[in-house]
Amino acid sequence: MTNNSFDALQRALRDLAAPEPSARLLERILESRARGVRVTLPGTGRRVARWIWGAIAAAAALALIINTRDRGRGPADTGSPSLDIAATLSFWPPDALAQDAGPPRAPRYELVRIEARRAQAGTWIYRTCTMFDEGQPMCRGRFTLMIREAKWHDQPAWLVSRRQETVRTGAPTLLSSLDTAFFEPATLRPIYAAMGGTKFRLVRSFTGDTVREALDIGGAYPRSHRTAAQIPGARDAPVVVRWSYWVDLAPLLQVLPLERGWRGSVYSVRLVGPEPVKAPFVPLDLRVVGSGRVEVPAGRFECWKVEVHEGKEEGRLLTLWVSKDRGWLVKEGKQGTDWHVETVLLSATPPAP
Amino acid sequence: MTRAMSDAGARDAVGALVDGARGGSPEALAALYRAHGVALYRLAYRLTGTREDAEDVLHDVFVGLPEALDRYEERGNLSGWLKRVTARVALGWVRTRKRRSEVPLELAGPESEPHTQAEGMALRVAVSQLPQRLRDVIVLKEIEGYSHREVADLLGISVVASRVRAHRGLARLRHLLEDGR
């Protein structure tokens, strides 16, 4: 730039070059349409004035206050937590929350194909730190991921288990087993997954395209749910087990053929039974957005940077750094409005090359 | 007379494509993509800052287009309407997924565009370093040529705010380029 007056700058900006889309983009668009993917585009009309939004927000807040005043009403139906919640609200009848979640959202990309032979046993220890704006990071969580060769009804399987350690100042370290799951080695579909502690236990069994769920909740209103549902997608596609927003992708990452520009979707299974307004099967959309060298306590790794989304409405779920050579999850980041959670690899067995 | 006839013919052709795409015809959608895809991709790229995001924005726009075309009024300019839709999708994309702070791959890696000579590259880097609120206005007003009224509508801000941000954006760019010498 030899003359940075505004006029020259404006001319240079108008002449600024930009790349062209990749040759495969049109094919991808037509494939998505053919698979039934639909996107609701925003309108092009004028936006509603901000004061109208303010008035709507104020009205909603007023309605919420009126609805959530304590009227001493007990649970209406101990068989469903969502109906319990509905029973405490004045205007919303319990039936209003007992509706179906509707069909699952279509995956954004083709379902992932895996290279099963790349899966490996081992133990990986991670540290989790939470950082708030302007604050010191709090590093109180440490979890261990173990993958072992095992048998499930005499058939080979991967046994994946996680153990959580919570470090508290001036108190003993809490150890808790998070979950145990068996996976088919050829497809990385779950066979059996169990998790829980003193207050609840959740067991999911998978056969073909069906998941059977058993949820037992303790506490003041103990209850149990038994549900079965059909998993969408191909019967040989991998499926990820999750609990609310927590999702374990580490075993899957080992067997994904990541490369520059790679994209793929995988269905995740969350609670099937007592949350009727939440979709039980949510596709996770993964894509490689970059690469670079990452240094963590376990060593220095050349990594792919992978973003994980769960639908446009809910935004980015996770950012992952995955080692190029072995597919290890080296670093994981989750961004909130004023917080950031970062998980890094402390050590691994077998050791890093 | 001949020109008027050829304009009418072009309008008919566009109308047929729009009708075909509304009806779910992949051929019509592909034809619209070939006619407008590159310009829309460049707009999305400038707003999002990375090829991957721009491709995903364009993917969303064309996947959602057959249903969205129900809202398109034939008397309007299709290209302008598509650009407004793309800009809205790209801006929504950027807001829900905070822009990555690291240098985009295409600036850092060996696969840079051959036409990115030193000055153009410096300007691209400077634009990418602008705060998002200034960058949006600079891209829409100065690069894409929208009026301040249109920029204000797209971003949900006042015309005065659009003018102020454009001025601040240009000042910031000049400062960044001078610092980079």
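A crossing of two helices is right-handed if the near helix is turned clockwise from the far one by less than a right angle, and left-handed if anticlockwise. Keep that in mind for the first stop. This is a predicted model, where local features need pLDDT of at least 70, side-chain atom pairs count only at pLDDT 80 or more, and totals for chains, interfaces and linings use all residues. Residues are numbered from 1 along each chain as its sequence is written, chains are lettered from A and ligands numbered from 1 in the order in which they are written, and side-chain values use heavy atoms, without hydrogens and water.

**Stop 1: two helices in chain B**

Select residues 132–143 of chain B, helix α7, and residues 148–155 of chain B, helix α8 (helices are DSSP runs of H or I, at least four residues, numbered from the N terminus). Their crossing is right-handed. Now show Asp136(B), Val137(B), Leu140(B) and Lys141(B) of α7(B), which touch His148(B), Val151(B), Leu154(B) and Leu155(B) of α8(B) (contact means heavy atoms within 4.5 Å).

**Stop 2: a ring pair in chain A**

Next, pick Trp152(A) and Tyr192(A). Their ring centres are 5.1 Å apart and their planes at 25°, so the pair is stacked. Rings of Phe, Tyr and Trp (its six-membered ring) pair if their centres lie within 6.5 Å; planes under 30 degrees apart count as stacked, over 60 as edge-to-face and the rest as tilted.

**Stop 3: a ring pair in chain B**

Move to Tyr41(B) and Tyr45(B), both in helix α2 (residues 26–48) of chain B, four residues apart, about one turn of the helix. This pair is stacked too, with centres 6.5 Å apart and planes at 20°.

**Last stop**

Finally, select Trp124(A), Phe301(A) and Trp328(A), which ring pairs link into a cluster.

Technical notes. Axes fitted to C-alpha atoms, helices over the stretch in contact; angles between N-to-C directions.
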